Amino acid sequence: MGDVLSTHLDDARRQHIAEKTGKILAEFLRFYEDQYGVALFNSMRHEIEGTGAPQTQLLWRKVPLDERIVFSGNLFQYQEDNKKWRNRFGLVPHNYGLVLYENRAAYERQVPPRAIINSAGYKILTSLDQYLELVGNSLPGTTSKSGTAPILKCPTQFPLILWHPSARHYYFCMMTEAEQDKWQAVLQDCIRHCNNGIPEDSKVEGPAFTDAIRMYRQSKELYGTWEMLCGNEVQILTNLVMEELGPELKAELAPRLKGKPQERQRQWIQISDAVLSKLQLARPAMEAVIRTDMDQIITSKEHLASKIRGFILPKAEVCVRNHVQPYIPSILEALMVPTSQGFTEVRDVFFKEVTDMNLNVINEGGIDKLGEYMEKLSQLAYHPLKMQSCYEKMEPLRLDGLQQRFDVSSTSVFKQRAQIHMREQMDNAVYTFETLLHQELGKGPSKEELCKSIQRILERVLKKYDYDSSTVRKRFFREALLQITIPFLLKKLAPTCKSELPRFQELIFEDFARFILVENTYEEVVLQTVMKDILQAVKEAAVQRKHNLYRDSMVMHNSDPNLHLLAEGAPIDWGEEYSGSGEDSGSPSIPEAATLSEKRRRAKQVVSVVQDEEAGLPFEAGPEPPSPASPDSVTELRGLLARDLQAESPLPAGPLPNGAPAQESPQLESLQSVAAPEASSPLASPLQQIPPGKAVDLEPPKPSDQETGEQVSNPGGRPPIHTTTEDSAGVQTEF
């Protein structure tokens, strides 16, 4: 659509659009006020009754990327005002908003940035042909024909375009394919993070907002939010407004449509601030009523639900039996395959990185380099390139046939949600490993003892990961099945049921009308109708051990009751505590009174830069020199470890991928930091005490029946488990 303010609308037309936008927002806010009381009641009921998910086996990091930069580097941006390409210094901070500066010096001097991009709802395109096709498909009267003059000319062969259906487009290009790949992975992580913009710790405002979006659209006979809920509240409201205004604007302006959501955003902020202020002022009185009359409100709601259930249950059960139940196994299988493969890859990447580190401890002098290795390992879940192989497993997800039947506009919402779960589980595994290793280091182990401890802790964490990932996957499958089937059911039942709902309003006491809504109760009854079939399908998959799911009845008896107490301490700073060398070791520590510019310059970065920051834009980009070879598969690493365990002669002292020295070339940098071996005294392997000829199992440890507490007839080891968390207290989902 572009970013230029539309000059194709006269004053009367602009006034009409402004009035219609205000009407849409005002109508939505009435739904929001209604849902606020319901969300507040549900939150307080959950707090009082104490229902919740079972305690996880893995720990979770409270501040994942504190004072970290995900990525920074130079790239070229197309300026639409003067139609020229300019060199920019791009930076992705911990909140995943892309920030563009004039250059690196401007960033260090605290000069305001040229642009800050929230990438929610965007798509990444790597060619102008893709861009022209999307533009042609999104606007009436335009087509992308081959051979026509392009909108802009990219000076290199490696463009990246951020496209959005109703927001400004951004055009970038890189010097090499390696830079393009790295920026693409980083920006895709930004989109994934920003799309999940409503914080999950918002127990009242968040659910009230998303439920209001859903109810507003259902009042227009639109079911399923799908990609509507991308970004923060302002961006989601922009999507809602554009859904109604878009067709009218396109018809009015045709292919020359230009638009910008800033005015709608400002209007929403002004209105919503006023409404939220009013609701916040009323909240204490509402809470007092809820706490005093909680039992009566619950009784009243259950009475209402029983009456609605008696009315719709026969119709709902027939609809479920004929139109939903036969397809649940197919949908579940389509979800399970790529999701489980992704979580398997998470397990393998984690095993590979820790194994690399253990080998580097053997080869490079033990604890002296441990801080450097652990500093890198602690950022693993937030390294888009190292996580890319995990995320890619979700790309084949298809709901062929089923997608049309249930009117699912896109599978991207499921892909991104699963990928977020993968990142969370990876970070939980890494953080648990860090915490247990830090505790072990307090005992002052020798290098040999440290290597054995690392292997033992790795096995311990993998068992916990297997359990938690199974729980996460099962919850994800249930939520996805509900998200697919509930909008379909509501749409099917609407012609015969919805018109009868107002007569149930008289069953609600006036004092409780803010906390109990007929429409919400009706939807809960519909959800319960299909939920039993969904739970049964997921349970059967676990009983049959499909994709390494654990049964619901299985409990880890060897869980650590005091493990979660370890996470209550201060965050571990591996660089400060244990790093004897590395990229920051030769530099003086930053004093408390250091300038912000100096702190910015020294900020630690997750992903390294590949390009020369001072490079100009040539007419032709040359090929990138090949990166040094490194073992990048789990099989190769296990082979290296096997040779180390069984060798009778000393090993060469050289680091493997995870423990590279900090000498990084700005032009060449392997994605997993490979450095040349350094000469050192031979080191005997601390694990050479294994008797000659004894087989060494180098596979990632598998959970055993004795360790998990589950009794099975097969004595063999179970394949690794890798995904999803289970919530016995119910499922929270967005329809």
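What share of the contacts in the protein with a separation of 6 or more is accounted for by residues 24 or more positions apart? In this predicted model, residues 24 or more positions apart account for 82% of those contacts.

**Figure 1. Overview of the predicted model, with its helices, strands and buried residues.** The protein contains 19 helices and 8 strands, and buried residues make up 50% of its 735 residues. Of the contacts with a separation of 6 or more, 82% are between residues 24 or more positions apart.

**Figure 2. Close-up of helix H8 (residues 328-364) where it meets helix H14 (residues 518-543).** The axes of H8 and H14 come within 10 Å and cross at roughly 50°, and the two helices are therefore oblique to each other. The crossing in which H8 passes H14 is right-handed. On the H8 side the contact involves Ile328, Leu332 and Met336, which meet Asp533, Ile534, Ala537, Val538 and Ala541 of H14. By class, the residues of this contact divide into 7 nonpolar, no polar and 1 charged.

**Figure 3. Close-up of H8 where it meets helix H10 (residues 384-391).** Here the axes of H8 and H10 come within 8 Å, with a crossing angle of roughly 145°. The residues shown from H8 are Gly342, Glu345, Val346, Val349 and Glu353, and they meet Lys386, Met387, Ser389 and Cys390 of H10. The contact of H8 with H10 has 4 nonpolar, 2 polar and 3 charged residues. Cys390, one of the H10 residues in this contact, is buried, with a relative accessible area of 0%.

**Figure 4. Close-up of Cys154 and Cys173, whose sulfur atoms are too far apart for a bond.** A search of the whole structure for disulfides finds 0. For Cys154, the closest cysteine sulfur is that of Cys173, at 4.1 Å; because a disulfide requires a pair of cysteine sulfur atoms within 2.5 Å, this distance is too far for a bond. Cys154 has a relative accessibility of 16% and counts as buried.

**Figure 5. Close-up of the loop between helix H5 (205-219) and helix H6 (233-253), with Gly224 and Glu221.** Gly224 has its place in this loop and is buried, with a relative accessible area of 7%. The C-alpha atom of Gly224 is separated by 7.7 Å from that of Gln483, although the two residues are 259 residues apart along the chain. Glu221 also lies in the loop between H5 and H6, but at 63% relative accessibility Glu221 counts as exposed. The phi of Glu221 is positive, about 65°, although this residue is not a glycine. Most residues other than glycine have a negative phi.

**Figure 6. Close-up of Tyr96 in the loop between strand E2 (84-93) and strand E3 (98-101).** Tyr96 has a phi near 65°, which is a positive value in a residue other than glycine. Is Tyr96, in its place between the two strands, buried or exposed? With a relative accessible area of 2%, Tyr96 is buried, whereas Glu221, the residue with positive phi shown in the preceding view, counts as exposed at 63% relative accessibility.

Methods:
Residues numbered from 1 in each chain as written. Predicted model: local features only at pLDDT ≥ 70, side-chain atom pairs only at ≥ 80, totals over all residues. Heavy atoms only, no water. Axes fitted to C-alpha atoms, helices over the stretch in contact; angles between N-to-C directions. Helix = DSSP H or I, 4+ residues; strand = E, 2+ residues; numbered from the N terminus. Parallel < 35°, antiparallel > 145°, perpendicular 65-115°, else oblique. Left-handed = near helix turned anticlockwise from the far one by under 90°. Contact = heavy atoms within 4.5 Å. Nonpolar A, V, L, I, M, F, W, Y, C, P; charged D, E, K, R; others polar. Buried < 20%, exposed > 50% of the residue type's maximum accessible area, 1.4 Å probe, protein only.
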